[in-house]
Amino acid sequence: MVVYHFTWDLEFFNYVDRGLTGEGGWRVFARVIASSFLFLVGISLVLAHGGGVRWRPFLVRLGQVTAAAAAVTIATVFATPNSFVFFGILHHIVVASLIGLAFLRLPWIIAALAAVGVIALPWFVTSPAFDTRWLAWTGLAESPPVSNDLVPIFPFFGAVLAGIAVARLAQRAGTFEALRRWNPSLAPLVPLGWLGRHSLMFYLVHQPVLIGLVYVFAQIAPPDRDAVFRSDCSRACLAQQDERFCQAYCDCAQREIVAADLFDALMAGDTDEAQMTRIRDIINECTFRTVDQFEAQ
């Protein structure tokens, strides 16, 4: 998680190509991290409440996570208002913890089958009716709003259900008892348990610290935003055109985006819908101009 978020921060401050952490292996890495968190939520629900819900500690923990989720939303509304976190990993954990209670006493196979269904549903059911922030949290949106951390119920609640199913099976097989026998040999690693017991605090603190470090570095050695833009533009263009075409096209795009006073917003990664519409218009216009230019030669 720290590695991914630090890379995201480098992208946010324009030290690496735009979109790097949202594609390819980095995108898979992010999904694996989120899924592993939620898988552990399912296991933890079984360990803590599988024999009966202990309501007081459950509600205390739920209140803590809810407050933390609200803090993330409020902070990101001020920091990145056009891409704030309206349903991130913490919001998901709150909802998943409540829904997950219904599966704790059911046979493990029910949780496993439900996990498959939850993961599969978005592949078959999406609708523009779910595109607003009020409904995009379901995961059924056709074009969800931009957010710096969107972890919708479908498909990610499937990881929680998978954790519940695995934990129920592990209980039946005596796996947890077997793992406890490893404790004496793992004694040197006990200090790491502090992070597990304070995982929420670590989650809330680590990103502001990382952003602060990158921000300070940016004041000392500012990134070359022009170079980042050109690299990103060329990479996208070269997938379909040759180098000469892409150089002319990127020259046009950068010149017109700067002239429209949109370059700062674009490189800050926090454009609103109107700004993005204007940027798309500029990109289309530069594409047509460059095509006309090369056809005339």
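This is a tour of a predicted model, to be followed selection by selection in a viewer.

**Whole chain**

Start with everything shown as a cartoon. The protein has 14 helices and zero strands, and read along the sequence its pattern is α-α-α-α-α-α-α-α-α-α-α-α-α-α. Along the principal axes, the C-alpha atoms fill a box of roughly 75 × 45 × 35 Å.

**Two domains**

Next, colour residues 1–220 and 225–296 separately. The domain assignment calls these domain 1 and domain 2, respectively. Their centres, taken over C-alpha atoms, are separated by 35 Å. Where the two domains touch, domain 1 contributes 10 residues and domain 2 contributes 12 residues.

**The annotated stretch 1–208**

Now select residues 1–208. An unreviewed UniProt entry annotates this range as "domain: Heparan-alpha-glucosaminide N-acetyltransferase catalytic". In the model, the range is 66% helix and 0% strand. Put a distance label between the C-alpha atoms of its two end residues: they are 14 Å apart.

**The start of the chain against α10**

Show helix α1 (residues 2–12) together with helix α10 (residues 199–220). Their axes come within 10 Å and cross at roughly 35°, and the crossing is right-handed. Turn on side chains for V2, H5, F6, W8, D9 and L10 of α1, which meet F202, Y203, H206, Q207, L210, I211 and V214 of α10. Sorted by class, this contact of α1 with α10 has nine nonpolar, three polar and one charged residues.

Continue past the end of α1 to N14. This residue sits in the loop between α1 and α2 (24–49). N14 has a phi near 70°, a positive value in a residue other than glycine.

**Transmembrane annotations**

Select residues 28–47, 59–78, 84–104, 111–130 and 150–170. The unreviewed UniProt entry gives each of these spans the feature "transmembrane region". Two of them can be looked at in turn.

- Residues 84–104: the chain here is 57% helix and 0% strand, with end C-alpha atoms 33 Å apart.
- Residues 111–130: this span is 70% helix and 0% strand, and its end C-alpha atoms lie 26 Å apart.

**α4 against α7**

Hide the rest and keep helix α4 (residues 89–100) and helix α7 (residues 153–173). How do they pack, by angle and by distance between axes? The angle is about 50°, and the axes are 10 Å apart. The angle makes α4 oblique to α7. The crossing of α4 and α7 is right-handed.

For the side chains of this contact, select H92, V95, A96, I99 and G100 in α4, then I153, F156, F157, V160 and I164 in α7. The residues of the contact of α4 with α7 divide into eight nonpolar, two polar and no charged.

**A cis peptide bond in α7**

Stay on α7 and zoom in on F154 and P155. Which kind of peptide bond joins F154 and P155? The bond is cis, with omega about 10°. P155 itself has its place in helix α7.

**Last view**

Bring the whole chain back and keep the selections coloured. Both helix pairs on this tour cross in a right-handed sense: α1 with α10, and α4 with α7. For local geometry, the places to mark are N14, with its positive phi, and the cis bond between F154 and P155.

Note on methods:
Residues numbered from 1 in each chain as written. Predicted model: local features only at pLDDT ≥ 70, side-chain atom pairs only at ≥ 80, totals over all residues. Heavy atoms only, no water. Axes fitted to C-alpha atoms, helices over the stretch in contact; angles between N-to-C directions. Helix = DSSP H or I, 4+ residues; strand = E, 2+ residues; numbered from the N terminus. Parallel < 35°, antiparallel > 145°, perpendicular 65-115°, else oblique. Left-handed = near helix turned anticlockwise from the far one by under 90°. Contact = heavy atoms within 4.5 Å. Nonpolar A, V, L, I, M, F, W, Y, C, P; charged D, E, K, R; others polar. UniProt positions renumbered as here; feature names shortened; annotations may be inferred. Domains from an automatic or database assignment.
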